[in-house]
Amino acid sequence: MHAPYAEPPPTTPVPAVARLLFATFKIAHDSNATVLTLMAKHLVKGTHKSDPETSTATNRLQVVQLNQDGTELTGYYLGHPLRKNVEYLNEHQEYSTRWVELPEAEFFIRVALEPTCVYLVVYEVNGSDKLKLLSVNVNEP
């Protein structure tokens, strides 16, 4: 004798493990080209306590997460590490600001990764121009 048909029990999807990527880069401007080098990265379980601040400057970097197929998942903008707006005391003892361009700099990012993120891509954005500087597989050591 067969048991009567019963609906299968509902399945609860297993939540993806939240991951944070900590990465340190060196950026340099050499011979009219910007070169970005990954110095270190560390992947840990966890979440952001707050969203990263987004830059609205004309000249900035864009950090983008891509899935295995290269589809953009999410991204944000950060201030360009080689271009700083510095406040100083001028000859009249008044505060002034001046743009300073550095030949090289190191910077650090912390990214809350999407569950399907495989690649992190960093672009240099200048107005409407966008240049890919570096692509990193977040799952490789």
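Reader: How many bridges join strand E1 to strand E2?

Author: Keep in mind that this is a predicted model. Strand E1 covers residues 19-30 and strand E2 covers residues 33-45. The two run antiparallel, and the number of bridges joining them is twelve.

Reader: Which residue in E2 is the bridge partner of Leu20?

Author: Leu20 sits in E1, given that E1 spans residues 19-30. Look across to E2, residues 33-45, and you'll find the bridge partner of Leu20: Val44.

Reader: Which residue in the turn between E1 and E2 has a positive phi?

Author: E1 and E2 form a hairpin, with two residues between them. One residue in that turn has a positive phi of about 50°, and that's Ser31.

Reader: What other strand pairs with E1 in the antiparallel sense, over ten bridges?

Author: E2 is one antiparallel partner of E1. For the pairing over ten bridges, go to residues 104-113. There, Ala105 is the bridge partner of Ile27, and the strand is E7.

Reader: How many helices and how many strands does the chain have?

Author: Run through the elements from the N terminus and you read β-β-β-β-β-β-β-β-β. So far we've met E1 and E2, plus E7. The full tally is zero helices and nine strands.

Reader: What share of the contacts with a separation of 6 or more comes from residues 24 or more positions apart?

Author: The pairing of E1, residues 19-30, with E7, residues 104-113, links distant parts of the sequence. Across the chain, among contacts with a separation of 6 or more, residues 24 or more positions apart account for 55%.

Reader: What percentage of the chain's residues is buried?

Author: Here a residue counts as buried under 20% relative accessible area. The chain has 141 residues, and the buried share is 32%.

Notes
Residues numbered from 1 in each chain as written. Predicted model: local features only at pLDDT ≥ 70, side-chain atom pairs only at ≥ 80, totals over all residues. Heavy atoms only, no water. Helix = DSSP H or I, 4+ residues; strand = E, 2+ residues; numbered from the N terminus. Buried < 20%, exposed > 50% of the residue type's maximum accessible area, 1.4 Å probe, protein only. Contact = heavy atoms within 4.5 Å. Pairing = 2+ DSSP bridges.
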